[in-house]
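Work through the following exercises with the sequence and the model side by side, and try each task before reading its solution.

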Amino acid sequence: MMKERKVSFSGIQPSGELHLGNYLGALRHWPTFQEKYDCVYCVVDAHAITVRQDPAKLRRSTLELYAQLIACGIDPEKSILFVQSQVPAHAELAWILNCYTMFGELSRMTQFKDKSARNADNINAGLFTYPSLMAADILLYQTDVVPVGEDQRQHVELARDIVKRFNGVYGDVFTEPEAVIPKFGARVMSLNNPESKMSKSMPEGCVFVMEKPEDIMRKFKRAVTDSDTENCVCYDRAAKPGVATLMDIYSACTGRSFEAIEAEFAGQGYGAFKPKVGEAVVELLRPVREETQRLLADKAYLESVYRAGAEKAAHVAERTLRKVQKKVGFLAR
Ligand code: TYM
């Protein structure tokens with residue numbers, strides 16, 4: 001069957017709070033995809049339990065993130081917006097794909113290496129096979145494009161390799177997906193350690209979407225720059241990683257080029273630049289924070305929307321799953 005429009009799929013983990021890196025690298029772009037693609041967006045709680053979670057907190061973060069996706073502009077009438085654990089086809093296909101994913105491939109995944117180094121006492125099988133579940137997420141919807149930040153490119157590449165392997169044996173079962181990485185904001189770095197990507201595991205260098213404006217401003221005022229005596233706001237990632245990080249963020253928030261930013265702050269120094277970046281971020285995030293708060297006050301609405309989302313997702317996902325089960329030789333139900 002020919003699809004009328006191409007399909008876009010993406011997911012985000014409800015482990016901890018949504019941060020500026022997630023927003024600039026992924027979420028901000030998702031609503032615009034709705035104009036061109038049939039979109040499917042997922043809060044991936046099954047992925048989140050590869051690291052120990054407090055159950056009550058996970059439930060809260062899942063609902064909050066679901067609300068945040070709507071607040072960012074994902075329209076649950078236009079897109080399929082759902083919670084991963086509510087669509088069992090994900091776990092079922094992940095098992096099958098595990099049998100078509102190689103130990104060597106999974107061993108090479110950077111995220112697995114990073115996370116197992118950080119959670120040395122809990123290197124569980126789920127953490128290792130995480131990319132097969134992610135491939136299942138993507139492949140169930142016959143996805144063409146996957147909007148993600150740079151750090152997820154390797155996982156999408158693996159999903160493509162799995163498709164080639166599977167289709168090579170069974171014919172055209174899955175669509176081959178392609179990662180779509182934004183030009184700006186694809187790798188937002190930490191404010192206090194600009195050599196590492198912004199992540200919730202380093203909260204001082206991480207700006208959270210729900211954070212109070214004064215806390216965001218404080219983090220920007222304290223952001224690491226360098227000891228250049230001229231305090232020059234100019235882009236040089238190798239020599240001035242802190243300034244480059246702030247320029248990346250300012251550029252992603254305002255749409256201004258690095259040249260324009262250099263001109264704007266010529267002769268003004270870091271003291272003027274840092275709070276300006278903070279203000280731009282506060283203004284960018286304000287509507288998302290306020291709309292999320294409004295949505296979270298209406299739990300009944302959120303529940304009805306995530307239930308409907310799971311039903312729509314299951315309908316599409318099961319079609320692919322049945323096809324796969326037949327191909328690998330399972331009896332029809
Ligand atoms: P997650 O939850 O870590 O991140 C969600 C999205 O945010 C992007 N991102 C960043 N972008 C720029 N700078 C940063 N510092 C930064 N940190 C995070 C990520 O690239 C991602 O796009 N495995 C995925 C979730 C997932 C998924 C999927 C994604 C599960 N199944 C299927 C796409 C398709 C993850 O852990 O993302």
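Contact here means heavy atoms within 4.5 Å. This is a predicted model, in which local features need pLDDT of at least 70 and side-chain atom pairs count only at pLDDT 80 or more, while totals for chains, interfaces and linings use all residues. Residues are numbered from 1 along each chain as its sequence is written, and side-chain values use heavy atoms, with hydrogens and water left out.

**Exercise 1.** Find what share of the contacts in the chain with a separation of 6 or more comes from residues 24 or more positions apart.

*Solution.* Residues 24 or more positions apart supply 75% of those contacts. As a next step, consider burial, where buried means under 20% relative accessible area, exposed over 50% and partly exposed in between (1.4 Å probe, protein chains only); 53% of the 333 residues of the chain count as buried.

**Exercise 2.** Decide whether helix α11 is largely enclosed or not, taking helices as DSSP runs (H or I, at least four residues) numbered from the N terminus.

*Solution.* Begin with the location, residues 241–254. Twelve of the 14 residues of α11 are buried, and the helix is therefore largely enclosed by the rest of the structure. Then look for the cover over these buried residues, which includes α1 (20–25), α10 (213–221), α12 (258–264) and α13. Finally, step just past α11 to G255, which takes a positive phi of about 80°.

**Exercise 3.** List what F220 touches, not counting residues up to four places away in sequence.

*Solution.* The partners of F220 are L20, L191, V207, L246, I249, K274, V277, G278 and V281.

Key:
Helix = DSSP H or I, 4+ residues; strand = E, 2+ residues; numbered from the N terminus. Expected span 1.5 Å × (residues − 1).
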